[in-house]
Amino acid sequence: MEMEIALQKFQQYVDAENKIEAKDWMPEGYRKTLIRQIGQHAHSEIIGMLPEGNWITRAPSLRRKAILLAKVQDEAGHGLYLYCAAETLGVDRDTMTEEMLSGKAKYSSIFNYPTISWADIGTIGWLVDGAAIVNQVSLQRTSYGPYSRALIRICKEESFHQRQGYEICIALSKGTAEQKKMLQDAFNRFWWPSLMMFGPSDKDSAHSSQNMVWKIKRHSNDDLRQKFVDMTVAQAEYLGLTIPDPDLKWNEETGHYDFGEIDWTEFNEVVKGNGPCNKERVAAKQKAWSEGEWVREAAVAYAEKQKEKAAQSAA
């Protein structure tokens with residue numbers, strides 16, 4: 001009975017658009033869902049550094065190199081904000097990292113695709129970061145305060161990432177026939193995986209319904225995906241690109257674009273670890289985790305020394 005009353009009060013508090021803070025009482029399911037979601041988001045930011053970091057040394061100019069370096073550095077910062085937000089829920093960062101490295105915890109499927117040309121870097125900035133913005137702007141209003149506040153800063157930086165990606169695409173679209181072909185190829189390969197980023201259709205999503213009730217999510221997967229398609233079509237047309245979907249067409253009745261069926265078999269295979277770069281991505285992070293152990297140990301030892309000095313000064 002007491003639990004029922006607590007759950008009812010919690011829901012009323014959330015329904016009134018109040019933020020839940022780390023010290024507030026929350027249902028265990030709410031806490032676990034946030035740990036899973038924020039952890040997955042943090043892992044995605046960290047793993048997402050790899051496909052773009054692959055092109056830092058091969059960027060076509062010093063300006064492009066500096067911008068890409070800044071972007072990859074931003075992604076590391078985003079991961080840090082998010083791990084900190086997750087830690088307020090009682091989970092430690094080492095545990096989250098080890099779960100990601102073991103395959104228990106997931107990250108966004110989009111980062112398991114290769115970046116084979118410079119056009120891929122532009123397309124990732126435009127489509128992948130564009131899709132992330134659509135999702136994360138909605139999540140700024142999530143009911144958990146620490147996650148909401150982290151996303152406000154993240155979204156500001158992601159908007160820069162999206163603009164730099166689209167700028168690369170504009171430059172390529174005005175370039176040689178070979179550059180235009182390279183851009184179209186990158187667009188063809190990343191269009192459908194970008195739509196998959198929003199997750200399974202609402203009818204097939206295991207978490208969507210309850211997350212909406214708790215206001216962890218504010219919009220459904222399908223609604224966010226539709227918003228992304230509607231805003232991206234005109235951008236693709238401006239670049240002179242052909243969208244790789246013969247079923248795409250404007251629907252006057254709904255005021256939205258209709259688009260073809262997503263290949264969820266591909267999505268599920270990538271999530272299971274069978275994508276083009278799953279093993280490569282995890283192996284790279286496992287190597288970094290192992291080789292960086294001495295850095296973590298040194299940081300802990302330094303922190304302990306500083307703590308001892310502070311205690312001695314206070315004595």
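## The second largest pocket

Helix H5 supplies the largest share of the lining of the second largest pocket, with five residues. Keep in mind as you look around that this is a predicted model. The second largest pocket holds about 400 Å³ of space. Its lining runs to 16 residues, and those closest to the centre are Tyr-83, Arg-93, Thr-97, Trp-289 and Arg-296.

Which elements give two or more residues to this lining? They are H4, H5 (93-102), H12 (278-291) and H13 (293-314), every one of them a helix. As for chemistry, the lining of the second largest pocket splits into nine nonpolar, three polar and four charged residues.

## One small closed space

Rolling a probe the size of a water molecule over the atoms shows where empty space is left. Searching the whole structure this way turns up one cavity of 30 Å³ or more. The largest cavity comes out at about 30 Å³.

To find the largest cavity on screen, pick out its lining: Pro-51, Ile-110, Phe-111, Tyr-113, Thr-115, Ile-124, Val-128 and Phe-190. Seven of these lining residues are nonpolar, one is polar and none is charged.

## Lys-71, a lysine on the inside

Is Lys-71 buried or exposed? Lys-71 has a relative accessible area of 0%, so it counts as buried. You'll find Lys-71 in helix H4, which covers residues 62-87.

So who keeps Lys-71 company? Leaving aside residues up to four places away in sequence, Lys-71 touches Glu-52, Ile-124, Gly-125, Asp-129, His-161 and Gln-164. With one of these, Glu-52, the side chain of Lys-71 makes a polar contact of 2.3 Å. Ile-124 is also worth a second look, as it turns up among the neighbours of Lys-71 and in the lining of the largest cavity.

## Salt bridges, pair by pair

There are 17 salt bridges in the structure. Start with Glu-28 and Arg-31, whose side chains meet at 2.6 Å, N to O. The two sit about one helical turn apart, because they are three residues apart in helix H2 (residues 28-47). Glu-28 is partly exposed, at a relative accessible area of 40%, and Arg-31 is partly exposed too, at 23%.

Next comes the salt bridge between the side chains of Asp-120 and Arg-189, again at 2.6 Å, N to O. This pair ties together distant parts of the chain: Asp-120 belongs to helix H6 (residues 118-139) and Arg-189 to helix H8 (residues 177-196), with their positions 69 residues apart. How accessible are the two partners, Asp-120 and Arg-189? Asp-120 is buried, with a relative accessible area of 0%, while Arg-189 counts as partly exposed at 26%. A further salt bridge joins the side chains of Arg-281 and Glu-280, at 3.5 Å, N to O. Here Arg-281 counts as buried, at 5% relative accessibility.

## A network that uses two loops

Which residues are linked with Glu-17 in a network of salt bridges? They are Lys-215 and Arg-218. Glu-17 sits in the loop between helix H1 (2-15) and H2, and Lys-215 sits in the loop between helix H9 (208-213) and helix H10 (221-238).

The backbone has something to show here as well. Glu-17 has a positive phi, near 70°, even though it is a residue other than glycine. Lys-215, likewise a residue other than glycine, has a positive phi near 60°. On accessibility, Glu-17 counts as partly exposed at 43%. Lys-215 has a relative accessibility of 17%, so it counts as buried; the cut-off for buried is under 20%.

## Ser-108, tucked into a loop

One more loop residue to click on is Ser-108, in the loop between H5 and H6. What is the relative accessible area of Ser-108? The value is 14%, so Ser-108 is buried. Not counting residues up to four places away in sequence, Ser-108 touches Ser-44 and Met-197.

How values were computed
Residues are numbered from 1 along each chain as its sequence is written. This is a predicted model: local features need pLDDT of at least 70, side-chain atom pairs count only at pLDDT 80 or more; totals for chains, interfaces and linings use all residues. Side-chain values use heavy atoms; hydrogens and water are left out. Helices (H or I, at least four residues) and strands (E, at least two) are DSSP runs, numbered from the N terminus. Buried means under 20% relative accessible area, exposed over 50%, partly exposed in between (1.4 Å probe, protein chains only). A polar contact is a pair of N or O atoms within 3.5 Å; within protein, one must be able to donate a hydrogen and the other to accept it, and residues adjacent in sequence count only if both atoms are side-chain atoms. Contact means heavy atoms within 4.5 Å. On a 1 Å grid over the protein atoms alone, a cavity is a set of points where a 1.4 Å probe fits but cannot get out, and a pocket is an open set with protein on both sides within 12 Å along at least five of seven lines; lining residues have an atom within 4 Å of a point. Grid points are joined across faces, edges and corners, and a volume is the space filled by probe spheres set on the points. Ala, Val, Leu, Ile, Met, Phe, Trp, Tyr, Cys and Pro count as nonpolar, Asp, Glu, Lys and Arg as charged, and the others, Gly among them, as polar. A salt bridge is a side-chain nitrogen of Lys or Arg within 4 Å of a carboxyl oxygen of Asp or Glu.
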